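The following note sets out numbered remarks on the structure shown below. It proceeds from overall properties to individual sheets, helices and residues.

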Amino acid sequence: MTGTWHKTACNLCYVNCGIEVLVNDGHVEKVRGDRSSPKSQGYLCNKASRIPYYAHHKDRLTTPLRRRADGGFDAIEWDVAIAEIAERMRALVDRHGGKSLALYGGGGQGNHAGGAYANAFLRALGSRNVFNALSQEKTGDFWVNGHMFGSQTCHTAEDVHHCDLLFVIGANPWIAHGFPNARDHLNQIRKDPARKLIVVDPRRSETAEMADLHLAVRPGADAFLLGALLATLVRSDAIDHDFISEHTVGFAEVKQALLNVPVEAWAAAAEISIEDIERCVAMMAAAKAMVVRVELGIQQGVNSTLNSYLEKLLIMLTGSFGRKGTNQLHSWLQPLWGNSPGQKFSPTGDEVIAGLLSPNIFPDAVLGDHPDRLRGVWIDSSNPANTASNTKAVERALKSLELCVVVDVAMTETARLAHYVLPASSQYEKTEFTLFNFEFPTNYFHVRAAVVPPLEGTLPEPEIYTRLARAMGFLPGDNVLAPLREAARRSRMEFAAAFRAFIGENPSAAAVAALVLYHTLGQTLPDGTAAAAPMWNAALLCARRSPQAVRRAIGASDDIPDQALGDALFDAIVAARQGTAITHHDYSEVWSLISHPDRKIRLAVPDMLEWLANLDPETAGAPKEFPFMLAAGQRRMFNANQIFRDPAWRRDDPDGALLINSADLDALGASDGDWIAIESAVGRLIVRCKIDESMRHGQLALPHGYGQSYPAPDGECLTNGPRINLLTESGNRDPIAGTPYHKHVAVRLSLAPAHEAAASQMQSERIHARAAAR
């Protein structure tokens, strides 16, 4: 086979497995697992093999665009776009201040190099307002971690490799992965009689099919089930008293709160028998090493922040933490989010968690009448018009902005509403890395060089932000940076001194330090990996925080000083195309990663205990007007994130079918494959139905990653499957974190009228034809 194999990484989920791609004549043609990857060791899932459909498709942008008054777009030159955007941005800040601006995105899956520069640009403008996918999914967990471990940047990892009991809650790792080599490890557990698997999921998922115990909880009743399990643990004294005494604070309050739980009533609310609850507790008590693995099923379910708290209590009360085969905390090269306890976002009064704002508040933040409301939004590698709750409200907010700029590889649904669209190079046309580094005891980082040339007319994000920063006067000219660049070429020690002096003499450049590093240190890095230059300071800090773990990971001697150790770590990560270990901890060192000064875990979180005490089993059912519960955003074999826009990449399920059990479909008077109208309190869709007997009565599922408009061969745009957030509502969200209850959307069903079914069938056939022609 002709062509050249290049090492890189998958960009479809946050595991970011190491892969190799075959490149021929500037095109990615084939994908295989990279056996030299220290993290994934050759593992490859079915989705990654379809990456060529991301890299090369008809929706790529190749020139900056400016929206006309009639809603159409004109192609303009890069210099014109940069000058006009800089002028309008400057005017907006002059009128309303930097707080009137926000960044939405700043890095998609496996696409984080640009985030360093987008955030730098935002801070130079005087704003720290950031919305992204993490705050759509995970901030309830971050909030809990902040209280229990002392910082919102403390984050749990799972030592699945060595556990004898894997407890999976609201996740389906056979399909969604979520930890390295997920299917390999699930198969190993299934084949080993000494290892067990428990799955909590309303659906009989692919992972649940492998389980020793499947707890088919009622949709939305996870908190009742977790509370009943914890109460049974305490009442049966199946807890680790030694661990609790040595490593935690506040058990007495937690114990009393759990003793107050009416186990029978909560088990009934969850629709789980007392016998299965007792069997589950017995399995936990018998385990030598249990890992709890959770995902969006509870993090975007009802009571999501409380769910995250109860999940942590399961870990701690059983002593399943800080030992081989249990849950851990992990190190960071660079934290992917911040720590912002007690901060509020003034336009809406919502809490800022981990330095992030919930996308659910985005429409209110723009459309409200607060003097500090958002008036300009910079959107980088994100598509809120499809991914945020309540599509119609998000579209109204985007249309009302004084300035909206989108940086992306394709003409997304959000880009169609922007004032300017800037075409970025794809993730395989530029240097990239991922900040999703969640492993323990060994953690990994992967800097990837470009494997194909950039599409003509596109720019990588560091170049886009360089032009903007210089147009706005934030970044000195190349002549000013030249001495720094020469210092970097001579020695790292000389560069470090020169860089510190430069920032001291040019304090206004501190906000865009990432760009300064890109144009100086970055020009000395191998394989054109200049975009990884901001990781130099991260490597220095990592070596300072965990020197022994870094020494073990890179094989450095004990006598190397911290500055040199950080430099050695940085050199290791930019040199290894297959990724490299950044830290290797002893299990005993997990306690050093807790941020409380006494290194103890706080079990009692007053807000959570109050929430627990007020749970009402009567609220667990579906409302009569909308009797079905929809999981809006299910992961399947051939769906991924919004960057996959070409419908030809899907080998099956091109319509994004609504999964429903046969009894519910029969009651509707419909047949498998019919077109169904699904309606929520805020929206309506026509979807194809598909019988799936793994679904509970009253439970439905639609996939995420659909709803994009994609150009057909005749030039018309086809909508590729359901835009599920036409059904979701911004107010259906967690009261603390604002994360949406996407896994619990109340809906009703009816047969689609004949004309709508016919139109949907015609669109489906055209999408099928498009896929077949690829």
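**Note on the predicted model**

1. *Surface and overall form.* The protein has an accessible surface of about 27,500 Å², and carbon and sulfur atoms account for 50% of this area. The model is a predicted one. It contains 27 helices and 32 strands. The radius of gyration is 26 Å, close to the 28 Å given by the globule rule for 774 residues, so the protein is as compact as a globular protein of that length. Along the principal axes, the C-alpha atoms fill a box of roughly 75 × 70 × 60 Å.

2. *Burial and contact range.* Of the 774 residues in the protein, 63% are buried. Among contacts with a separation of 6 or more, 75% are between residues 24 or more positions apart.

3. *Nonpolar cores.* The largest nonpolar core comprises 187 residues, and Phe167, Tyr309 and Trp378 have the most contacts inside it. Helix H8 (residues 222-235) gives the most to this core, with ten residues. Apart from this core lies another, of 28 residues, which includes Tyr104, Val394, Val406 and Ala418. As for the surroundings of tyrosine 309, once neighbours within four places in sequence are left aside, this residue is in contact with Val144, Met148, Val254, Leu603, Ala604, Val605, Met608 and Leu609.

4. *The three-stranded sheet.* Three strands, in the order E1-E2-E3, make up an open sheet with antiparallel pairing. Its edges are strand E1 (4-9) and strand E3 (27-33), each of which pairs on one side only. On average, and with direction ignored, neighbouring strands of this sheet are turned by 35° against each other. Strand E2 (residues 18-24) runs antiparallel to E1 and is joined to E1 by six bridges. Within this part of the model, threonine 8 stands opposite isoleucine 19 in E2.

5. *The seven-stranded sheet.* A mixed pairing is found in the open sheet of seven strands, whose order is E5-E4-E19-E18-E17-E6-E7. Strand E5 (73-75) and strand E7 (130-131) are the edge strands, each pairing on one side only. Strand E6 (residues 101-105) pairs with E17 in the parallel sense over five bridges, and tyrosine 104 stands opposite isoleucine 379 in E17. Tyrosine 104 is also among the residues of the 28-residue core. Helix H3 (residues 113-124) lies across E6, E7 and E17, and runs at about 170° to E6.

6. *Helix H17 and its partners.* Which residues of helix H17 (residues 391-400) are buried? They are Thr391, Ala393, Val394, Glu395, Ala397 and Leu398. These buried residues pack against two helices, H15 (362-367) and H16 (384-387), and against strands E17 (376-380) and E18 (403-408). Strands E17 and E18 both appear in the order of the seven-stranded sheet, and Val394 of the helix is one of the residues of the 28-residue core.

7. *Strand E10.* Strand E10 (residues 196-200) is largely enclosed by the rest of the structure, because four of its five residues are buried. With strand E9 (residues 165-169), E10 pairs in the parallel sense over five bridges; here leucine 165 stands opposite lysine 196 in E10. With strand E11 (residues 213-215), E10 likewise pairs in the parallel sense, over three bridges; here isoleucine 198 stands opposite leucine 213 in E11.

8. *Glutamine 152.* This residue is placed in the loop between helix H5 (139-149) and strand E8 (156-158). Why does glutamine 152 count as buried? Its relative accessibility is 4%, and the criterion for burial is under 20%. Leaving aside neighbours within four places in sequence, glutamine 152 is in contact with Phe142, Gly146, Trp337, Gly338, Asn339, Ser340, Pro341, Ile353 and Ala354.

9. *Proline 180.* The loop between helix H6 (173-176) and helix H7 (182-191) holds proline 180. Proline 180 has a relative accessible area of 9% and is therefore buried. Proline 180 and serine 40 lie 140 residues apart in sequence, while their C-alpha atoms are 6.0 Å apart in space. Not counting residues up to four places away in sequence, proline 180 touches Val15, Lys39, His185 and Glu439.

Key
Residues numbered from 1 in each chain as written. Predicted model: local features only at pLDDT ≥ 70, side-chain atom pairs only at ≥ 80, totals over all residues. Heavy atoms only, no water. Buried < 20%, exposed > 50% of the residue type's maximum accessible area, 1.4 Å probe, protein only. Contact = heavy atoms within 4.5 Å. Core = buried A, V, L, I, M, F, W, Y, C linked by side-chain atoms within 4.5 Å. Pairing = 2+ DSSP bridges. Axes fitted to C-alpha atoms, helices over the stretch in contact; angles between N-to-C directions. Rg over C-alpha atoms; globule rule 2.2 N^0.38 Å. Areas by Shrake-Rupley, 256 points an atom, 1.4 Å probe, with all protein chains shown as cover.
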